[in-house]
Amino acid sequence: MRAARLIKMVLLLQSRASMTAAELARELEVSERTITRDAQALSEAGVPVYADRGRAGGYRLVGGYRTRLTGLGRSEAEALFLSGVPGALREMGLEDAASAARLKVSAALMPSLSDASRAAAQRFHLDAPGWFTETKAPELLPAVADAVWDDRRVLARYRRGDSDVERELEPYGLVLKAGVWYLCARVVAHLDSYRVYRIDRFTAVEAGAERFVRDVDFDLPAFWEERAEQFARSILRAEVVVRLSADGVRRLPYAVDAVAAREALEAAGGPDADGGWVTVTLPVESEEVAHSQLAGLGPDVEVLAPESLRARFTDDALRLTTLYHRP
């Protein structure tokens, strides 16, 4: 533990001209007194750490000293490719590996490029979760992530309805979609079957000693895109017929599934003679969901069918009229 901290301290000082004890303590998550002891230990080991006294003082390496301890370990190299998603790294338990990798890369760069990582971080940040949602990393995510990185089969138990189901899985990849973590895995009992599991529904995950051999033709982004499209279409089991004003046509993709809205509008006829309204047949998840989504369009949508949904909007209109006609 201390050896890793000392190496990290040297890499920090190598990547920056000077750092105060407070800055080093914050980066290494130790006290300033520990930093003083660590600096002394490095100096005794032959690393030329020099302490500048005074208000503008700090620690620095003398004479352009550069360590050769910059080779990336496997976990560090893998984490480096995910460094643009710091929240995901933290949730998978890879934050320390990514930090070490960034330091090693910075230490290996020429002095004129030493601020490259900071410049990139100031200009790009990925915030994966959607607005107005509170996300919490699933408790079992680090265990699943370890199995994914190590190609180890897992025995997983997950909630399905009111019961728990147990499956032996070959965990191929993780996907973070709108703040929700999913596992793409192959079921050992049906090796021709790849499935998607929400990790927050796992109740137990036990990694075995046995490693599996990956299918080299498996393409995680392509697989996820195909399954996501299948899922989006599978839940659209009902249809509604609506008339839309010009504003309603423009706003429809923001109120319902965007792909379903686009396809419905492309299949619709032209505007009618009654104010240029467009009639579309729209696939929806259910009547209840359609009521909630289409209500956001207000007077820019008229439901024509089914009659039960039209009755819901008629009742809404009557209640609004009563509410707004109060003295």
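This tour moves through a predicted model, selection by selection.

**The whole chain**

Begin with all 327 residues displayed; 33% of them count as buried. Coloured by secondary structure, the protein shows 13 helices and 10 strands. Its accessible surface comes to about 20,500 Å², and carbon and sulfur atoms account for 52% of that area. Among contacts between residues at least 6 apart in sequence, 59% join residues at least 24 apart.

**Helix H1**

Select residues 2–15, which make up helix H1, and pick out Leu-6 within this helix. Is Leu-6 buried or exposed? Leu-6 counts as buried because its relative accessibility is 16%, and the cut-off for burial is under 20%. Once residues up to four places away in sequence are set aside, Leu-6 touches Asp-38 and Leu-42. Add Ala-39 to the selection: its C-alpha atom is separated from that of Leu-6 by 8.3 Å, although the two residues are 33 apart along the chain.

**The five-stranded sheet**

Next, display strands S3 to S7. Five strands form an open sheet in the order S6-S5-S4-S3-S7, and the pairing is antiparallel. S6 and strand S7 (202–211) are at the edges; each has a single partner strand, so one side of each is left without a neighbour in the sheet. From one strand to the next, the twist averages 40 degrees.

Narrow the view to strand S4 (residues 163–177) and S5, which run antiparallel and are joined by eight bridges. A bridge to locate here is that of Val-175, whose partner in S5 is Tyr-182.

Now bring in two helices. Helix H8, residues 141–150, lies across S3, S4, S5 and S7 and runs at about 70 degrees to S4. H9 lies across S4, S5 and S6, running at about 70 degrees to S6.

**The second largest pocket**

Keep H9 and the sheet in view and turn to the second largest pocket, which has a volume of about 640 Å³. Which residues lie nearest its centre? They are Tyr-182, Val-196, Tyr-197, Arg-198 and Phe-231, out of 16 residues that line the pocket. Tyr-182 is also the bridge partner of Val-175 noted above. At least two lining residues come from each of strand S3 (152–160), strand S5 (180–187), strand S6 (190–198) and helix H9 (220–234).

**The three-stranded sheet**

Move on to strands S8, S9 and S10. These three form an open sheet in the order S9-S8-S10, with antiparallel pairing. Strand S9 (278–284) and strand S10 (301–305) are the edge strands, each pairing on one side only. The twist here averages 35 degrees from one strand to the next.

Select S8, residues 238–244, together with S9: the two pair in the antiparallel sense over seven bridges. Within this pair, Ala-238 stands opposite Val-284 in S9.

Two helices lie across S8 and S9. Helix H10 (residues 246–255) runs at about 140 degrees to S8, and helix H11 (residues 258–267) runs at about 145 degrees to S9.

**Ala-260 in helix H11**

Finish at Ala-260, which is found in helix H11. This residue is buried, with a relative accessible area of 5%. What is in contact with Ala-260, leaving aside its neighbours within four places in sequence? The contacts are Leu-236, Leu-282 and Pro-283. As a last selection, add Arg-233, which is 27 residues from Ala-260 along the chain; their C-alpha atoms are separated by 8.2 Å.

Definitions and conventions:
Residues are numbered from 1 along each chain as its sequence is written. This is a predicted model: local features need pLDDT of at least 70, side-chain atom pairs count only at pLDDT 80 or more; totals for chains, interfaces and linings use all residues. Side-chain values use heavy atoms; hydrogens and water are left out. Two strands pair if DSSP finds at least two bridges between them. Helices (H or I, at least four residues) and strands (E, at least two) are DSSP runs, numbered from the N terminus. Axes are lines fitted to C-alpha atoms, for helices over the stretch in contact, and angles run from 0 to 180 degrees between N-to-C directions. Contact means heavy atoms within 4.5 Å. Buried means under 20% relative accessible area, exposed over 50%, partly exposed in between (1.4 Å probe, protein chains only). Accessible areas come from the Shrake-Rupley method with a 1.4 Å probe; for residues, only the protein chains shown count as cover. On a 1 Å grid over the protein atoms alone, a cavity is a set of points where a 1.4 Å probe fits but cannot get out, and a pocket is an open set with protein on both sides within 12 Å along at least five of seven lines; lining residues have an atom within 4 Å of a point. Grid points are joined across faces, edges and corners, and a volume is the space filled by probe spheres set on the points.
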